[in-house]
Amino acid sequence: MNAIIKAKLEILPNESGCYIMKDRQGTIIYVGKAKILKNRVRSYFTGSHDGKTARLVSEIEDFEYIVTSSDLEALILELNLIKLHDPKYNVKLTDDKTYPYIKITNERYPRIITTRKVKKDKAKYFGPYPNAYAANETRKLLDRLYPLRKCTHLPNQVCLYYHLGQCLAPCVKDIEKQVYDEMIDEISKFLNGGVEEIKQDLQQKMIDAAENLEFERAKEFRDLIAHIDQIMEKQKIVTDDLSNRDVFGYAVEKGWMCVQVFFVRQGKLIERDVSIFPIYNEPEEEFLTFVGRFYEQPHHLLPKEIFVPKSIDVTILQKLLDVKVVTPKRGSKKELVDLAMKNAEIAIHEKFQLIERQEERTVGACEALAEAMQIPLPLRIEAFDNSHMHGADPVSAMVVFIDGKPAKKEYRKYKTREAAKHDDYGAMQEVIRRRYTRVLRENLPLPDLILIDGGKGQMEVAREVIEDELGLVIPIAGLAKDEKHNTSQLLFGTPPEVVPLKRTSDGFYLLQRIQDEVHRFAITFLRQQHQTNAITSVLDGIEGVGPKRKQQLMKHFGSVKKIREASELQLQESGVPAKLAEVIYRHFHEAPLNKE
C-alpha cells in the first residue's frame, strides 16, 4: 500500500457513494458503490482476499470517490461510470445473443413483422420468443386473424392477400385510422396473454357461420382455433395469470457469481439467460449492478414485472427501473424463483472447474512467467516479429496479450521505412522506437513485458531503444525457435540466459500462443503487402490504370493471374471502360495499341 492510498483511507467519509480504483498509469480498472464508503474501500486493503480480488488490489495505485445522497443515487452513478469507462475488472456483459420479437410497426398502415433488433421507433414490441420458429408461427397466425398490410412498400393494385381476406388493401382504399387502432388493440391483448378472449370470439364466429350454412367459413374458424391451441400449448404453463415477467436467481461460489434470468411470457417459461462472472463486492450489491446493466442492453426489454430473491432490496430496483419488482413469498411464483436459484447453483458448480482451468492458462500463466523470470506480474504483454519475402517487402507486426488473452484491437502493423531490406536488427530497432515513442507521446499504457521473436541480438537492439534512448524500465525477453520453427526457449536477463520453463507448463504454453500469433499476424500482413506490390508492378506502365483502378481490378478478379487471363468483355464487366479494357487486354496478350 503506497502513501497516497494510506492518507486517503484515513479521511474516507461515513457516507454512501461510488469509489473509482486506478492503476499505476491512471487507468480506471474498477468502479464500485458502497452504503458506507469508509468501510467498503478500507476492506480492500485489510485482511486476506481470494485470487481475483488480490489481483485487483495489487494493481490499485490510487482511488477516488464520489459521495451520493442515497443508495439508489450511488447505483445510478455506478452504472453511468461503468458505461463511460468500461473498467476491466467490472462485470463484462459480453452475451450478444439476441432474441426474436414480434413488432407492430409505427406506420400509417401498420404491419406485423418478426425482428431481433429493438429500436426506439415508437413501434410495439412483444417477446422475447424462444426461437425464430415460435415467433414466426405466432406472426403467421396473427396475419390470418387480422388483415393488416403485408407489403413492405404499397403496390399500385390489390394483391392476393386482399382476395384471401388478410389485407384491407390500403394501397387502393382509404382505411380509417380507427380500424387499425382497434386491430392493434386486439393484437396487443392477444400477445399480452388475452388468448382465451380471442378464442371465444372465434368460437362464436364459427357457430354463427355454421348456423348460416357457411360451412367453409366455419371450418376456417375451427382451424384457426386449433392453430392457436397448438402454438399456445407448446410450452408448459408455469403461472396461471398469463403475465409477462423476468425471474432472477443467483448463486455465488469462490468469488464468482452466476445469474440466471427466466423469461416468462403469457405465463410460459420460454427462454433463459445465463451469466457467470467474477465479483469484488458484496453479492447483493453486484446483483443490483448486474440487473441495472442487463436492461441497458437494447435486446432486453423491461417486462411488466420482475421477480427477485428475498435477499435483494426491491425498493432500489423499482426506483431504478420504474417497473414492479416482487419477492414471491409462496406458491408457484416462489417456486419459479427457487428454480432460477437452483439452476444458478448448478451452472456455477458445473462450470467452475472449466473457469479455473481457463484462469490457469491465462492470468495463471502470467503469474507463472512472473515467478520464473522474477519480474512483476506481466498482465500486459506486447510481442514483436519481423518478416520479409527473400529480403523484399519487409514488414513488422506487434500483438498484445492482456491477462493472458489476445487483445486484437490493439494489434499493429508496420512497414519499415529506414532499415535496409536485409537488416533485421535495424528493422526491429525502428519498429520498437516508433511504437514506444508514440506510447509516450500519446500517454498510452506501457507493457509489463516486451517479447521479441528472436535471440540475443534482437533483444539487445530493442534494449538500446527502450532503456538507452527512451529511458524506460520494461522487462525485455526473447523467444528462440528450434529447427522446426517451434518455440524452444525463453531468453531473459543481462546477459540473456535461458529461463527454465517446463514445456508442459501453462507459462510455456502462453509463450507458444503469443509467438505463433505474432508470427501469423506478421506473415498475413507480409502476404497482403507482397500481393499489393505484385499488382502494382504488373499493372504499372499501363496508361489509364491508376491506384483506384488497380484496386477495382483486384477486388473484382481476386488475383493478378485472373486479370492477365481476362477477356475484354470480362474486363468491362469489372467496371473498366471499353477503350481501357482494350488497352489492358493488349498489354497482356498483344503488342501495345499503336497511337495515331
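## Helix α11 and other local features of a predicted chain

D313 caps the N-terminal end of helix α11, with one of its side-chain oxygens 3.0 Å from the backbone nitrogen of T315. The structure described here is a predicted model.

Helix α11 covers residues 314–321, and its buried residues are I316, L317 and L321. Viewed down the axis of α11, these buried residues fall within an arc of 110°, so they line one face of the helix. An α-helix has 3.6 residues a turn, so residues three or four places apart point the same way. The buried residues of α11 pack against two helices, α4 (71–85) and α10 (283–294), and against two strands, β10 (305–307) and β11 (324–326).

Just after α11 comes D322, which has a positive phi of about 55°. D322 lies in the loop between α11 and β11. Is D322 buried or exposed? D322 is exposed, with a relative accessible area of 70%.

A positive phi is also found at Q374, which is not a glycine. Q374 sits in the loop between α13 (363–373) and β12 (380–389). The table sets out the values for these two residues.

| Residue | Phi | Relative accessible area |
|---|---|---|
| D322 | about 55° | 70% |
| Q374 | about 60° | 68% |

Another backbone feature occurs at P495. The peptide bond from T494 to P495 is cis, with omega near -5°. P495 belongs to the loop between β18 (487–492) and β19 (497–498).

In strand β1 (residues 17–22) we find K22. Is K22 buried or exposed? K22 has a relative accessibility of 17%, so it counts as buried, the cut-off for buried being under 20%. The side chain of K22 makes a polar contact of 2.6 Å with the side chain of E64. Leaving aside residues up to four places away in sequence, K22 touches T27, I28, I29, E59, I60, E61, D62 and E64. E64 therefore appears both in this list of neighbours and as the polar partner of K22, while K22 itself counts as buried.

Helix α20 spans residues 578–589 and has 12 residues. From its first C-alpha to its last, α20 reaches 16 Å, close to the 16 Å expected at 1.5 Å a residue. Which residues of α20 are buried? They are L580, A581, I584 and F588. Seen down the axis of α20, these residues fall within an arc of 105°, so they line one face of the helix.

The chain as a whole can now be described. The chain contains 20 helices and 19 strands. Of its 596 residues, 47% are buried. Among contacts in the chain with a separation of 6 or more, 61% are between residues 24 or more positions apart. The accessible surface of the chain is about 31600 Å², and 50% of it belongs to carbon and sulfur atoms.

Confidence in the prediction varies along the chain. The mean pLDDT is 82, and 87% of the residues reach 70 or more. Among the elements of the chain, strand β16 (residues 449–452) has the highest mean pLDDT, 94, and helix α9 (residues 215–232) has the lowest, 73. Over residues 591–596 the pLDDT is below 50, and this stretch has 4 contacts in the model beyond near neighbours in sequence.

How values were computed: Residues numbered from 1 in each chain as written. Predicted model: local features only at pLDDT ≥ 70, side-chain atom pairs only at ≥ 80, totals over all residues. Heavy atoms only, no water. Buried < 20%, exposed > 50% of the residue type's maximum accessible area, 1.4 Å probe, protein only. Helix = DSSP H or I, 4+ residues; strand = E, 2+ residues; numbered from the N terminus. Arc of directions from axis to C-beta. Contact = heavy atoms within 4.5 Å. Polar contact = N/O pair within 3.5 Å; in protein donor to acceptor, adjacent residues only side chain to side chain. pLDDT = per-residue confidence, 0-100. Expected span 1.5 Å × (residues − 1). Areas by Shrake-Rupley, 256 points an atom, 1.4 Å probe, with all protein chains shown as cover.
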